[in-house]
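Biologist: I would like to learn how to read a fold feature by feature. Can we take one case and work through it?
Modeller: Yes, here it is.

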Amino acid sequence: MAEDPYKLLGVPKDASAEDIRKAYRKLAKKHHPDLNPGNKAAEETFKRVSAANELLSDPEKRARYDAGEIDETGAEKAPPRSYRQYAETGAGERYAYNGGDAGFAGENFEDLFSTIFSNRQGGATGPARGRDEHYVLTAEFLDAVTGATRRLTLPDGQTLDVKIPPGTEEGNVLRLRGRGHPGRNGGPAGDALIEIHILPHRFFTRDGQDIHLDLPITVPEAVLGGKITVPTPAGPVAMTVKPHSDTGTKLRLPGRGVPAHGGLPAGALYVTLRVVIGTVDAALEDFLRGWKPAGAKDPRADMGASS
Amino acid sequence: MIGIETIFLEFRGLQRDELDRWITHQWVKPEGAPGAYRFHDIDIARIRLILELRDTMEVPEPALPTVLSLLDQLYEMRRRMKQLNAAMEQALPADMRAVLLRHLGG
């Protein structure tokens, strides 16, 4: 470490410029290399004394040195960090105001925010489990019936892959362990709670494990019967329509509803036939004009509005 | 951490009896016993603060305990606020933070 230039010159800190000049001249005469040939120590001393003089003889440099802005070699010193930079960190606890006898009542955190923390649980420093986070995921009808994996994009841009199990019902909440808020002080993370909303389907409706379907059929299919293809959640299946079926006829396809899950057996698909007349041609009109069915009944007879 | 000799190198003009007095009054709280003090960075910054208060801002030494006490209370409050801020940032969902901001008129 470089030496204190005042000590080197042997002058007090408040020495006048004249004192410094005199002290320097005296030392320079004594240690000048030309007066001490071959004396390495003297040469070193002369160099240091000269440097000290250079610093102290310049009023500006001397003032900066006295203020601690530059060191003995004239190099700039990094400006010191302010007290505030330490005081606002954990190190500041060393000078925490602790109230007591001094007259100011020391308030702790809980006092200060008593209304917020009135029902606070546990200590502030112990490990604490992170909070659960709540999300809503809107699922397609068939995804909820047969199960699917869907990606949920979180507000912060992260994604969660959510496995929707078969048979999920409206309002069910899925729990993804450890995907909520991080824990505090080593505590476990909270869970992500995902509430499932199910969109309606174009033609399926659901009743527990069973699924209902209104299935349009043609007049010939209703009257004559035949094999038709029926959509089910798991894909189309073939089904036989008996002759003389009508609108409102219900058919049950066991095992074609919601698949078995969580101990529940698979439900049924209930198909309600709905006869559609479709495009009418002249042949049909001609046939119906000449058609006199035996024992025809008024379908509105029990509605009190007979024609 | 540094010893007391380095403190005097750092603060030219600081007198030993001054520093001893400040330590006695707990304006500066180094670790260790008299004769073997160890100073943390914050202790060094605090010595600089006291010197600046007294020499640059001309706070007379008898008034220093009051000024230091007020500063300590202010910094304690600011540390608490930062803790609260960090806790809210970690624990509160975005919509709750928005509600708080609205109540704060932000």
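The dialogue below goes through a sheet, some aromatic pairs, a surface patch and one whole chain.

Modeller: One caution to begin with: this is a predicted model.

Biologist: Let us start with the sheet. In which order do the three strands of chain A lie?

Modeller: Read a sheet across its strands, not along the sequence. Here the order is E1-E5-E4 in chain A. The sheet is open, and its pairing is mixed.

Biologist: Which are the edge strands?

Modeller: Look for strands that pair on one side only. In chain A these are E1 (133–139) and E4 (173–176). Neighbouring strands of the sheet are turned by 30° against each other on average, direction ignored.

Biologist: In what sense do E1(A) and E5(A) pair?

Modeller: In the parallel sense, over seven bridges. Strand E5 of chain A covers residues 192–198. For a register mark, take A:Leu137: it stands opposite A:Ile196 in E5(A).

Biologist: Now the aromatics. How many aromatic pairs are there over all chains?

Modeller: The count comes to seven. For each pair, read the centre distance and then the angle between planes. A:Phe141 and A:Phe204 are 6.3 Å apart, centre to centre, with 15° between the planes. Planes under 30 degrees apart count as stacked, so this pair is stacked.

Biologist: Which parts does the pair A:Phe141 and A:Phe204 tie together?

Modeller: A:Phe141 lies in helix H7 (residues 141–146) of chain A, and A:Phe204 in strand E6 (residues 204–207) of chain A. The pair therefore ties together parts that are 63 residues apart in sequence.

Biologist: Are A:Phe141 and A:Phe204 buried or exposed?

Modeller: Both are buried. Aromatics can also be read as clusters. One such cluster holds A:Tyr83, A:Tyr95 and B:Tyr75.

Biologist: Next, the surface. Which residues make the nonpolar patch?

Modeller: Read a patch by its area and its members. This one has about 840 Å². Its residues are A:Val219, A:Val223, A:Leu224, A:Ile277, A:Val280, A:Leu284, A:Phe287, A:Leu288 and A:Trp291. Helices H8 (219–224) and H9 (282–290) of chain A each supply at least two of the patch residues.

Biologist: Where is A:Trp291 placed, and why does A:Trp291 count as partly exposed?

Modeller: A:Trp291 sits in the segment after H9 of chain A. Its relative accessible area is 44%. Partly exposed runs between the 20% and 50% limits, so A:Trp291 falls in that class.

Biologist: Last, chain B. How many helices and strands does chain B have?

Modeller: Five helices and zero strands. Along the sequence, chain B reads α-α-α-α-α. Of its 106 residues, 38% count as buried.

Conventions: Residues are numbered from 1 along each chain as its sequence is written. Chains are lettered from A and ligands numbered from 1 in the order in which they are written. This is a predicted model: local features need pLDDT of at least 70, side-chain atom pairs count only at pLDDT 80 or more; totals for chains, interfaces and linings use all residues. Side-chain values use heavy atoms; hydrogens and water are left out. Patches are made of residues with over 30% relative accessible area and no salt bridge: like charges are joined within 9 Å, nonpolar side chains (Val, Leu, Ile, Met, Phe, Trp, Tyr) within 5 Å. Accessible areas come from the Shrake-Rupley method with a 1.4 Å probe; for residues, only the protein chains shown count as cover. A salt bridge is a side-chain nitrogen of Lys or Arg within 4 Å of a carboxyl oxygen of Asp or Glu. Helices (H or I, at least four residues) and strands (E, at least two) are DSSP runs, numbered from the N terminus. Buried means under 20% relative accessible area, exposed over 50%, partly exposed in between (1.4 Å probe, protein chains only). Two strands pair if DSSP finds at least two bridges between them. Axes are lines fitted to C-alpha atoms, for helices over the stretch in contact, and angles run from 0 to 180 degrees between N-to-C directions. Rings of Phe, Tyr and Trp (its six-membered ring) pair if their centres lie within 6.5 Å; planes under 30 degrees apart count as stacked, over 60 as edge-to-face and the rest as tilted.
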